[in-house]
Amino acid sequence: MRDLILAVVFIPLIGAAINGIFCWKTRRKAHYIAVPAIAIPAVISLYLLVKVAQGYHFDDVLYWWIAIGDFRVPIGFLLDELSVVMLVTVTFISTWIHIYSIGYMDHEPDISYARYFTYLNLFVFFMLVLVMANNYLLMFVGWEGVGLCSYLLIGYWYEKMSAANAGMKAFITNRVGDFGFTIALFLIYKHLGSLIFHDVFARAHELSVPLATLITLLLFTGATGKSAQIPLYVWLPDAMEGPTPVSSLIHAATMVTAGVYMIARSHVLYNLAPFTMEVVAVVGVITAWFAASMALVNNDLKRVLAFSTISQLGYMFVGVGVGAYAAGIFHLFTHAFFKGLMFLCAGSVMHALHGELNMQKMGGLLKKMKITGITFIVGALAISGVPPFAGFWSKDSILHHAFVEGHKFVWLVGTITAGMTAFYIFRLIFLTFFGEPRDKELYEHAHENPPVMTIPMIVLAIGSAFAGLFALAPGGGFEGFVNRIMHAGHEAAVHAAHGEGGAGGLIVISVAVALIGIGIAYLMYIKRTPDPVEMAQRFRPIYLVLYNRYWVDELYFAFFINPTVGISRHVLWKIVDVGIIDGIVNGVARLCSLIGAGVRKLQTGFIPDYAWFILAGIIVVCGIKILF
Amino acid sequence: MVMGLIFAIGVITFCIGALGVLIRKNAVVMFLCIELMLNGANMLFMAVSKFKGLIEGQVAVLFIMAVAAAEAAIGMAIITAFYRRRGGIEVDKAELLKW
């Protein structure tokens with residue numbers, strides 16, 4: 001068992017090492033190593049899932065990584081209901097995205113091709129470390145590792161300035177969050193004396209409420225960075241500069257959900273801090289609404305999906321924030337399918353149109369790209385929350401929990417956002433796949449992609465359609481499975497509320513909202529009544545605010561980035577570095593050379609002078625010897 | 001009393017030699033002065049050896065004389081070569097090592 005767990009985590013690393021070290025040998029054949037390096041763990045993790053379902057748990061130390069006095073941190077893995085769900089999701093989705101990448105990265109030069117698969121495998125390794133870690137520090141290693149791979153893959157086309165900048169933006173924005181995360185770790189260690197989950201949670205009740213609130217808020221800061229929540233979401237839209245499968249894998253399905261996983265993992269701490277829970281839920285729902293509003297008017301295919309990801313992550317945070325950790329994880333699970341799928345479809349469209357991303361230039365593509373179109377629609381139905389597609393079950397579960405937990409405001413905003421979600425995603429569908437082609441030349445060149453790309457899309461579409469049905473599985477369904485480890489205080493109340501009536505009414509409302517959203521999109525973008533262009537004119541101020549994304553990027557530039565760069569350039573560089581540091585270094589050198597210039601006058605070259613020096617030296621030495 | 005006299009002769013010989021090395025410019029004269037210094041030292045060695053009844057002093061003297069002989073040979077060779085190159089044996093002609 002232990003060997004299997006090790007295999008799951010380390011096979012991707014081996015794959016990355018082979019492709020990374022021998023990239024000039026593997027070249028075009030890189031995927032023959034990279035794909036099995038993910039597929040084998042995927043198969044093993046299914047086996048582990050079965051084992052865990054039968055009640056098997058694993059929490060063991062492989063070896064002591066750091067042992068300094070009382071500070072002991074192991075390399076250890078933890079396998080329980082929560083991590084096995086993540087494990088299966090990550091490996092399964094990654095496998096298909098790796099396969100898809102074979103087709104998508106077709107035009108890359110040889111070495112770059114191997115480099116791409118190296119990064120991708122390395123990413124999966126770090127992601128598995130993140131979800132399997134049995135202590136906070138190892139989790140943080142995974143956390144930073146996926147951040148690194150995200151940086152490398154966003155900047156994959158590093159010759160492009162915008163891609164390189166987007167990579168930096170993602171990395172630096174995450175640093176802001178990680179600063180909170182690390183401080184939280186320090187506090188946990190200081191007050192609980194350990195970083196191992198088992199010990200931390202066993203002793204968590206010793207924390208006072210303010211302290212628990214502080215720790216959880218700091219952890220949440222880390223989560224807002226990694227999972228792109230307000231105020232640190234700005235990096236995710238720019239992260240679309242990377243190859244589309246990367247957006248699909250890292251920036252939709254797996255890495256960005258790490259924050260949700262981390263909070264669900266730390267649920268013992270969060271249960272101690274009701275205030276933090278409130279903050280998480282409110283930040284989540286506001287992010288959901290905020291990102292959805294920006295997606296309404298954006299014309300960039302991938303950016304719409306990026307905003308949609310931010311929005312859906314907001315839902316997950318609502319889930320964990322109202323104490324329905326299992327519902328949050330369930331949404332994470334279904335979202336991985338349908339958002340991964342939609343990114344793959346977007347990549348497929350982009351591939352067919354030679355990199356064109358502007359939806360206003362597309363249209364009518366369904367005729368040319370049947371598989372892409374249909375799978376995309378399945379994904380869109382799933383995200384809109386139309387039953388029986390996956391998103392319906394999980395999103396509805398979250399909203400349901402929010403409602404019964406008494407977060408009426410959160411529920412209301414979440415429901416409105418669900419309508420907006422349905423609208424923008426079908427706007428995207430209608431603009432891309434229906435209507436008349438708006439750019440004839442692009443349309444003529446469009447073609448369906450080879451099976452290596454369409455099959456992963458079909459598989460994920462099946463997942464998007466049916467993954468939600470796990471909610472109906474025996475034993476409480478998906479959430480019941482995850483809830484087996486959520487020994488939470490007010491989780492019981494939620495369970496009790498499950499049986500209540502009124503749930504039916506909520507479901508009707510959310511389905512109705514979704515259908516209204518789709519209907520409005522249909523009217524506006526197929527029937528053209530009301531005409532979207534006219535609408536944009538009439539509500540020009542609102543349109544401009546949304547289209548320019550509330551000028552948040554500009555705001556950050558004005559308040560944080562430009563001052564930082566300015567201070568760095570004019571104070572830290574010109575004064576501190578050039579003036580003080582270089583001044584000290586050069587000053588020491590100049591002082592030495594000055595002393596040398598003076599003292600070398602002693603070197604007269606005349607032998608009698610040296611003899612005098614010798615005599616003087618002898619007299620001094622003998623004098624000292626005699627006197628003392 | 002006799003011991004004191006011998007010591008005095010040794011020290012004075014040494015000092016004459018040292019002064020000569022320090023103030024003369026002629027390399028040969030400086031060379032002679034070095035020999036004087038060596039012999040002054042030898043004198044003191046002998047005196048102490050006799051006075052204390054120790055044999056080591058006399059051994060040291062023999063060594064010094066041997067070294068001085070070798071040194072004289074090499075030194076004269078250097079001075080000859082120097083004379084050929086520089087056209088004189090004044091030591092202030094050797095100034096290439098100046099700062």
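Let me start with a term: a polar contact is a pair of N or O atoms within 3.5 Å, where within protein one must be able to donate a hydrogen and the other to accept it, and residues adjacent in sequence count only if both atoms are side-chain atoms. Hi everyone, what we have here is a predicted model, so local features need pLDDT of at least 70 and side-chain atom pairs count only at pLDDT 80 or more, while totals for chains, interfaces and linings use all residues. Residues are numbered from 1 along each chain as written, chains are lettered from A in the order written, and side-chain values use heavy atoms, without hydrogens or water.

So, the interface. How many residue pairs are in polar contact across the interface of chain B and chain A? Zero, counting pairs with both residues at pLDDT 80 or more. On the side of chain B that touches chain A, eight residues are nonpolar (Ala, Val, Leu, Ile, Met, Phe, Trp, Tyr, Cys or Pro), four are charged (Asp, Glu, Lys or Arg), and none is polar (the others, Gly among them). In contact terms (heavy atoms within 4.5 Å), 12 residues of chain B meet 12 of chain A.

Now to helix 18 of chain A, residues 370-384, a helix being a DSSP run of H or I with at least four residues. Of its 15 residues, 11 are buried, meaning under 20% relative accessible area with a 1.4 Å probe, protein chains only. Among them are A:Phe376, A:Leu381 and A:Ile383. Just after this helix, A:Gly385 takes a positive phi of about 85°. Thanks, everyone!

How values were computed: Helices (H or I, at least four residues) and strands (E, at least two) are DSSP runs, numbered from the N terminus. The expected span of a helix is 1.5 Å times one less than its number of residues. Buried means under 20% relative accessible area, exposed over 50%, partly exposed in between (1.4 Å probe, protein chains only).
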